[in-house]
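Below are some notes on the model we discussed, set out as numbered points. They cover charged side-chain pairs and then one sheet with its helices.

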Amino acid sequence: MCGIVGYIGNDNAAPILLNGLKRLEYRGYDSAGMAVWQKDRTIKLIKRTGKVSNLAACISIDKEDAGVGISHTRWATHGGVTEANTHPHVSWDQQIHLVHNGVIENYQTLKNSLESKGVTFYSETDSEILANLIAYNLQQLDGEITTKTVYKAILTSLTNVEGTYGLAIMCASLPGTLFGARKGSPLILGVGKNEMMLASDASAIRARTNEVVYLDDNQIVTLTEDNFSITTIEEAEVVPEISTISWKDEDAELQGFEHFMLKEIYDQPAALENAFRGRLDMGEGISKFGGLNLSRQDIRRIDRITIVACGTAWHAGLVGEYLIEKYSRIPVEVEYASEFRYRNTPMDKNTLVIVISQSGETIDTLEAQREAQRKGYHVIGIVNNVGSTIARENDGGIYQHSGPEIGVASTKAFTSQLLILAMLSIYLGRTRDLSYTDGCQAIKAVMELPNLVKQTLQLADSIKGIAKKFAHYDDFLFLGRLEMFPIALEGALKLKEISYIHAEGYPAAEMKHGPIALISEKCPSIVIVPDDETLKKNLSSVQEVRARNGKVIIITDSNEIPSSLADELIIVPKAHDCVRPVLMTIPLQLLSYYIALELGRDVDKPRNLAKSVTVE
Ligand code: F6R
């Protein structure tokens, strides 16, 4: 949430910052601003409410701009969407310019204290306290303002704040220096040729360099155009580890698609292939993972699994529960990370904890991971974003390799998570009761999946037609049984978040215990009907809806369902049950996308949302 970009180098900073902000806009789009050094050694400050394009409209290439600046795209937490609340914030004495991602929890106490000392505040944000506190502490250090004194002032200030921050800071008396700091909110340093960058994530940096340093919590970085140094908040020097970003800048571009969501839906065959590449052993009928850091003996000792995640990733976890229990017979619990971290869940000694997170930065999931580690559990992560905090801190993990996901509504990351959980189920199953033959069949199904997804995507035009007919309903029910129940939940979430239509997911048979009261000609149901032992029961649910004049869209892989049974029948290719949830998801993604499009919604930037929820 909130995107930070900082630049120091030889080129004009403004267009570089703007380009970075465009790449980070999915983290927040309430308002945007930048502060750029001018050749005359003043700082130009520009802020606009609304999307980054509003800011872009008032920025032109200015020969007077120098190569240093900071910028921010905001997802509002404290204070409304106004220019005054837009970052960068400037201290009352005009010395400190700063952008912040995170929440300062004790800002009111600090603000009261500074106000009593004559400091003036201009915004309602918690972030402004940081600018004023650093400036105040700088004033307390008599003498010339130098890199050392500003660093000291930052250090002193950060030891007094409670909460989380990713920061980029400039001082009006130090034209050639930038500072960054992180605690709880991601911050990456980009190391280029005679230039350095700071950003909330790699997508803002990739166009300039693929060499990055992932800063850890409680670290402060000091940058000049050709050098940087990192210390901890205790002033210990840090030896930086430079990592390479493996994806290309074009991977984070639209590549001719109208929206990132659509592009990412179509990315799925490739993303799924990336998720299983090098991880399948047909000879042994098993999948394999290099980074779990668990021996076969450790795996055999696991007697329970707890999966922890948020939102769409939590839905993936629920599918994982069905698959892991089915193939390995290991009992699985799935918890919301936000509940798990405060709940003190009783767990068995040999519990394996799995966290799932596309961004690897979701604060609740990160804190849940830390809580599990504190209690001594082995935590493995299923994470997309390489080098993210969750990935760096866990005890082992499986990278998704889905490539950058920019659309706020998660699509390819979700189906990749489903596939990885299916492969993990096979792996765990093969260390227990799953036979060689069953293992081989499942592995073959994984290999065939990208092609089946390509075939399913050919349904797009007919689903677009269905979307047109159904876009104007205000309520939807999504129904499914067993592993299709979480897929129903995911279908409902996708529709809600990008079209703002009320939708609920239910286990199909639960409908009779309450939600059936909602059924009328005004509330259509989307029923997921796999061709398995639940088929007849699901069709009974369909009949119950139709008996109450409810319209029905059936998504199925059976060719035996008469089209007269539904208002719309969407038939996906048949697949092994370990990968079937992926195929059932694709029509739901397309349906939400085309309904949102039909309603004129901003598909990639739905209201109130932001990707990567880094505040509680
Ligand atoms: C919905 C969506 C969110 C995320 C959730 C967790 O489309 O994207 O529900 O799934 O915020 O995010 P990650 O996976 O980054 O931890």
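1. Glutamate 235 has a relative accessible area of 42%, so this residue counts as partly exposed. In this predicted model, the glutamate 235 side chain meets that of lysine 152 in a salt bridge, with 3.2 Å from N to O. Glutamate 235 sits in the loop between strand S13 (227-232) and strand S14 (237-238), while lysine 152 belongs to helix H5 (residues 147-160); the pair therefore ties together parts that are 83 residues apart in sequence. Lysine 152 is partly exposed too, at 35% relative accessibility.

2. A salt bridge also joins aspartate 348 and arginine 304, whose closest N and O atoms are 3.2 Å apart. Because aspartate 348 is in the loop between helix H10 (337-343) and strand S20 (351-357) and arginine 304 is in strand S18 (residues 304-309), this pair ties together parts 44 residues apart in sequence. Relative accessibility is 35% for aspartate 348, which counts as partly exposed. Arginine 304, at 24%, counts as partly exposed as well.

3. Glutamate 598 and lysine 468 form a salt bridge through their side chains, at 3.4 Å from N to O. The former lies in helix H18 (residues 580-598) and the latter in helix H15, so parts 130 residues apart in sequence are tied together. Glutamate 598 is partly exposed, with 35% relative accessibility.

4. Some charged residues are linked beyond single pairs: Arg182, Asp217, Glu367, Arg370 and Glu393 make up a network of salt bridges. The count of salt bridges comes to 35, with a cut-off of 4 Å between nitrogen and carboxyl oxygen.

5. Turning to the sheet, 5 strands are arranged in the order S24-S23-S25-S26-S27, forming an open sheet with parallel pairing. Strand S24 (502-507) and strand S27 (568-571) each have a single partner strand, so they stand at the edges and one side of each has no neighbour in the sheet. From one strand to the next, the twist averages 15°.

6. Within this sheet, strand S25 (residues 525-529) and strand S26 (residues 552-556) run parallel and are joined by 5 bridges. Valine 529 has threonine 556 in S26 as its bridge partner.

7. Which helices lie across these strands? Helix H15 (residues 460-470) lies across strand S23 (475-480), S26 and S27, and runs at about 150° to S27. Helix H17 (residues 535-546) lies across S23, S25 and S26, at about 165° to S25. Helix H15 also holds lysine 468, the partner of glutamate 598 in point 3.

Note on methods. Residues are numbered from 1 along each chain as its sequence is written. This is a predicted model: local features need pLDDT of at least 70, side-chain atom pairs count only at pLDDT 80 or more; totals for chains, interfaces and linings use all residues. Side-chain values use heavy atoms; hydrogens and water are left out. Two strands pair if DSSP finds at least two bridges between them. Helices (H or I, at least four residues) and strands (E, at least two) are DSSP runs, numbered from the N terminus. Axes are lines fitted to C-alpha atoms, for helices over the stretch in contact, and angles run from 0 to 180 degrees between N-to-C directions. Contact means heavy atoms within 4.5 Å. Buried means under 20% relative accessible area, exposed over 50%, partly exposed in between (1.4 Å probe, protein chains only).
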